[in-house]
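Reader: I have a new model on my screen and would like to talk through its charged pairs and its nonpolar interior. Could you walk me through them?

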Amino acid sequence: MENGEGGENGAVCSRQTENGGEDVCSCRGSHADHLVVMVHGILGSASDWKFGAEQFVKSFPDKIFVHCSERNMAMLTLDGVDVMGERLADEVLEVIKRKPRLRKISFVAHSVGGLVARYAIGKLYKPPKIGSEEKLSANATIADLEPVNFITVATPHLGSRGNKQVPLLLGVAALERAAGRLVHWIFRRTGQHLFLTDCDINEGKPPLLKRMVDDHSGEYPFMSALRSFRRRVAYSNVDYDHIVGWRTSSIRRSSQLPKWEDSIDEKYPHIVYEERCKVCECESAKWGDGLDELEEELVNGLSHVPWEKVDVSFHNSRFRFAAHSVIQGKDDYIHSEGADVIQHMIDRFLV
């Protein structure tokens, strides 16, 4: 099923795929060679990225083809990060098979979808056939395409078990411990992965998120895959996100959380802080810095690649209590205040 939206010069066409996903591209018969895979979060669907996908295509009508992921919708998001990552990788390969013109690939992922995308690129990664370590990032591919942008939006990179990593639990240690013990009853394997309590289902292996910061874990080369992208970006809510805390979504220790002020930029009123973090800018800190030993290993591991970090606040918004969805622009009316965050992504997007 196809439908179009927009004026004559900026029309956007979307087509629902057989399994419920959505392809979004220019209606002008675009020869786009850049695939942008948009991945939703837990209990989500392909339509969650509808607004964002349309804005991207309107901005780059002849350059990008957007696929809103379909393979892990609704209750399937409870099957575990690894299972979802395998499905996403297979889905990406199917899209590429349908669109042989594609030469580049980027990911834009919300919430747990960012972890799923990190797993999928590990499976899709191919190292350069010839070249030294210095040429690794330039020559490696993701599904035989050139990796360009890897963008996460309110993704719990450090998991959800640490202090204030799930703000809804109010930082109360007893509630956080109880959540770790009970989460699998509600969010099943995905909950165990997020709370780093999956050792039992891993046959004694370290938690999945720990293995995903180590190329030598005996699984996929997750970090080499992440490193292969020309840029990696983490968008984070500094407040009012009751599901994913600021520290875990921005890959920081407590002492690294910046002091921010209200934006004075009319174009991006909700962007309150930006920084570029170099490789391993900070070495291991003491556990008293708001992290336990495992979280510290996750921060260190993810710091082996450079990140752009963008901090967002909707504290003046009437929809601030829905910040976890607003930052995605999930609904073009209720969450319209997140439109400037989508525009910020677009303005810095490498095509």
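**Charged pairs and cores**

Author: Happy to, and let us start with one helix: lysine 50 and glutamate 54 both belong to helix 1 (residues 50-59), four residues apart, which is about one turn of the helix. Please keep in mind that this is a predicted model.

Reader: How far apart, N to O, are the side chains of lysine 50 and glutamate 54 in their salt bridge?

Author: Side chains of opposite charge can pair when their charged atoms come close. Here lysine 50 and glutamate 54 form a salt bridge, and the N to O distance is 2.9 Å.

Reader: Is glutamate 54 buried or exposed?

Author: Its partner, lysine 50, is partly exposed at a relative accessible area of 32%. The cut-off for buried is under 20% relative accessible area. Glutamate 54 has 5% relative accessibility, so glutamate 54 counts as buried.

Reader: Which residue forms a salt bridge with aspartate 79 with the closest N and O atoms 3.2 Å apart?

Author: Aspartate 79 is buried, with a relative accessible area of 19%. Arginine 87 meets aspartate 79 in a salt bridge at 2.5 Å, N to O. The salt bridge at 3.2 Å is formed with aspartate 79 by arginine 188.

Reader: How many residues apart are arginine 188 and aspartate 79?

Author: Arginine 188 and aspartate 79 form a salt bridge. This pair links distant parts of the chain: arginine 188 sits in helix 5 (residues 173-194), while aspartate 79 is in the loop between strand 5 (64-68) and helix 2 (81-98), a separation of 109 residues.

Reader: How many salt bridges does the count come to?

Author: Beyond the pairs above, there is also a network of salt bridges that links Arg15, Asp23 and Arg98. The count for the model comes to 25 salt bridges.

Reader: Now the interior: which helix gives the most to the largest nonpolar core?

Author: In soluble globular proteins, nonpolar side chains tend to be buried together. The largest nonpolar core here has 53 residues, and Leu35, Leu88, Val92, Phe107 and Ile142 have the most contacts inside it. Elements that each supply at least two residues include strand 4 (34-39), strand 6 (104-110) and helix 3 (112-124). With eight residues, the element that gives the most to this core is helix 3.

Reader: How many residues does the second, separate core have?

Author: The second core is separate, and among its residues are Val12, Ala53, Val312 and Met345. The size of this second core is 34 residues.

Conventions: Residues numbered from 1 in each chain as written. Predicted model: local features only at pLDDT ≥ 70, side-chain atom pairs only at ≥ 80, totals over all residues. Heavy atoms only, no water. Salt bridge = Lys/Arg side-chain N within 4 Å of Asp/Glu carboxyl O. Buried < 20%, exposed > 50% of the residue type's maximum accessible area, 1.4 Å probe, protein only. Core = buried A, V, L, I, M, F, W, Y, C linked by side-chain atoms within 4.5 Å.
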